[in-house]
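The following exercises concern one protein model. Each task is followed by a solution that proceeds step by step.

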Amino acid sequence: MRTLCDPETGETLDQALVAGFAGPDTVTGEDLVEFHCHGGPAVVRAVLRVLTRAPGLRLAEAGEFTRRGFENGRLDLAAVEGLADLISAETEGQRRQAVRQAGGFIGGQVEAWRARLIQALAIVESGLDFADEDDVPDDGEAAAMGDIAALADELAAALVDGERGERLRRGLEVAIVGPPNAGKSSLLNALARRDVAIVTATPGTTRDVLEVDLDLSGYPIRLLDTAGLRRTEDPIELEGIRRARDRAASADVVLVLVPPVGEGVSRETFPDHPNVVRVGTKADLDPDYGRDAPDLTVSAVSERGLDPLISRLGWLAADQLSGGEDALVTRERHRTELMEAERELWAALSDGLPAEARAEHLRRAGVAFGRLTGRIDPEEVLGAVFSTFCIGK
Ligand SMILES: Nc1nc2c(ncn2[C@@H]2O[C@H](COP(=O)(O)OP(=O)(O)OP(=O)(O)O)[C@@H](O)[C@H]2O)c(=O)[nH]1
Ligand SMILES: [K+]
Ligand SMILES: [Mg+2]
């Protein structure tokens with residue numbers, strides 16, 4: 001416990017806990033001092049004002065602490081991403097997944113793969129240095145390439161995971177589509193339990209795609225409200241409809257809203273999607289849906305049918321996300337690098353390849369592994385990863 005004073009005026013600023021940590025066993029790998037002061041904004045401002053007056057002291061940039069930890073070898077790049085995911089985790093499953101990655105799960109696996117690759121590469125390269133005129137591989141090289149084949153198989157197996165890790169991380173994307181005035185925005189508001197989207201009686205109210213992240217019975221779900229689908233000449237609405245179709249096509253699940261006969265405008269059919277749930281709206285009006293028999297019906301006004309819809313979404317989420325906690329690959333960036341590595345390994349294994357070419361493919365696979373863990377660190381990758389952090393982390 002210390003009394004913090006302004007060194008120039010001697011004025012007391014706060015009573016605080018001051019803790020010093022000696023590097024390198026700290027989050028950044030450097031020596032650290034923490035000031036645990038009282039949380040009032042004026043106290044924090046006063047302490048920061050005095051501290052930043054001292055020569056050599058300034059405020060950290062967003063993600064700078066983590067970046068220093070990374071640069072000092074305290075954590076690999078995939079662990080940094082895991083940390084970012086941990087900070088933004090909204091459900092238990094996402095938290096568990098992020099804890100594993102922040103603890104170096106994929107980084108450890110990839111490092112083990114890279115170590116094996118480097119061993120094989122060393123053998124292939126030593127053959128290069130002492131090459132006689134023929135390119136016939138000797139026993140050592142044959143064994144090394146046997147291990148590369150096993151490695152390629154392991155990579156291939158790890159990549160056949162239904163993208164569960166990525167899905168769990170970002171949440172099951174559920175797009176709400178349907179004709180104007182079907183009640184899409186009203187349903188979004190009812191499920192989110194807050195007034196997110198503008199609702200009016202005017203068809204064509206929604207233009208931009210609105211996103212809301214929800215925890216529905218323990219599963220992360222990203223709900224998308226979209227512009228009503230109809231024929232129109234209005235360029236703004238046309239752009240909204242283009243975005244609606246686009247996002248719905250890439251969503252995991254599409255809720256096609258069916259308004260009661262006479263309620264929605266223009267019954268435009270929605271293109272095929274493997275996971276469609278047809279939801280009849282405005283169930284409080286005792287509606288007739290004509291020939292468009294929906295799978296279930298809801299009312300945003302009386303909230304009738306909301307619970308069965310939530311159960312249905314939970315069921316779809318369980319089906320598509322379960323296992324995501326244990327997934328090795330949790331980001332598209334990981335997948336891209338592992339696929340690249342796998343491609344290079346198979347290329348290295350092709351028949352009749354000169355040893356130089358074999359070695360070059362193996363080196364490229366190693367570079368892909370290195371980019372994943374951040375050992376090989378193009379500035380733009382680092383910038384993209386660290387820019388997602390908040391100040392002070
Ligand atoms: N009775 C009743 N009216 C509803 C219900 N849901 C929506 N409405 C009304 O239907 C009209 C259109 O609702 P919105 O939620 O704006 O419909 P939308 O599909 O988002 O419409 P656009 O954004 O224009 O495509 C509004 O007047 C709502 O009050 C419902 O469950 N019951
Ligand atoms: K509307
Ligand atoms: Mg709307």
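**Exercise 1. Describe the sheet that contains S1, and state what packs on it.**

Step 1. Three strands form an open sheet in the order S1-S2-S3, and their pairing is antiparallel. Strands are DSSP runs of E with at least two residues, helices are runs of H or I with at least four, and both are numbered from the N terminus. Two strands pair if DSSP finds at least two bridges between them.

Step 2. At the edges stand strand S1 (2-5) and S3, each with a single partner strand, so one side of each has no neighbour in the sheet. On average, neighbouring strands of this sheet are turned by 50 degrees against each other, direction ignored.

Step 3. Helix H1 (residues 41-53) packs on the sheet and touches S1, S2 and S3. Its direction makes about 65 degrees with that of S2. Contact requires C-beta atoms, placed from the backbone, within 7 Å of each other. Axes are lines fitted to C-alpha atoms, for helices over the stretch in contact, and angles run from 0 to 180 degrees between N-to-C directions.

This is a predicted model, in which local features need pLDDT of at least 70 and side-chain atom pairs count only at pLDDT 80 or more, while totals for chains, interfaces and linings use all residues. Residues are numbered from 1 along each chain as its sequence is written, and chains are lettered from A and ligands numbered from 1 in the order in which they are written.

**Exercise 2. Examine how S2 meets S3, and explain why S3 lies largely in the open.**

Step 1. Strand S2 (residues 12-21) runs antiparallel to S3, and five bridges join the two.

Step 2. Gly-20 stands opposite Val-33 in S3, and Phe-21 has Leu-32 as its bridge partner there.

Step 3. Strand S3 (residues 32-36) lies largely in the open because the number of buried residues among its five is zero. A residue is buried if 20 or more other C-beta atoms lie within 10 Å of its own, exposed if 12 or fewer, and partly exposed in between, with C-beta atoms placed from the backbone.

Step 4. In the loop between S2 and S3 lies Pro-24. A cis peptide bond joins Gly-23 to Pro-24, with omega about 5 degrees.

**Exercise 3. In what order do the six strands of the other open sheet stand?**

Step 1. The order is S5-S6-S4-S7-S8-S9, with mixed pairing. Strand S5 (210-216) and strand S9 (296-297) are at the edges, each with a single partner strand, so one side of each is left without a neighbour in the sheet.

Step 2. Strand S8 (residues 276-280) pairs with S9 in the parallel sense over two bridges. Gly-280 stands opposite Thr-297 in S9.

Step 3. Helix H9 (residues 235-250) lies across strand S4 (172-177), strand S6 (219-225) and strand S7 (253-258), and runs at about 140 degrees to S4.

**Exercise 4. Buried or exposed: how do Asn-181 and Arg-193 count?**

Step 1. Asn-181 is found in the loop between S4 and helix H8 (184-192). Its phi is near 70 degrees, a positive value in a residue other than glycine. Most residues other than glycine have a negative phi.

Step 2. Asn-181 is buried, because 25 other C-beta atoms lie within 10 Å.

Step 3. Arg-193 belongs to the loop between H8 and S5, and its phi, near 60 degrees, is also positive. Arg-193 counts as exposed, because it has 9 C-beta neighbours inside 10 Å.

**Exercise 5. Which residues come nearest to ligand 1, and how is its shell composed?**

Step 1. Of the 22 residues around ligand 1, the nearest are Gly-183, Ser-185, Ser-186, Thr-206 and Gly-228. A residue is near if its C-beta atom, placed from the backbone, lies within 6 Å of the molecule.

Step 2. The shell has eight nonpolar, eleven polar and three charged residues. Ala, Val, Leu, Ile, Met, Phe, Trp, Tyr, Cys and Pro count as nonpolar, Asp, Glu, Lys and Arg as charged, and the others, Gly among them, as polar.

**Exercise 6. Locate Val-367 and characterise its surroundings.**

Step 1. Val-367 is in helix H12 (residues 355-373). Val-367 is partly exposed, because 17 other C-beta atoms lie within 10 Å.

Step 2. Val-367 and Ala-341 are 26 residues apart in sequence, and their C-alpha atoms are 8.0 Å apart in space.

Terms used
Contact = placed C-beta atoms within 7 Å.
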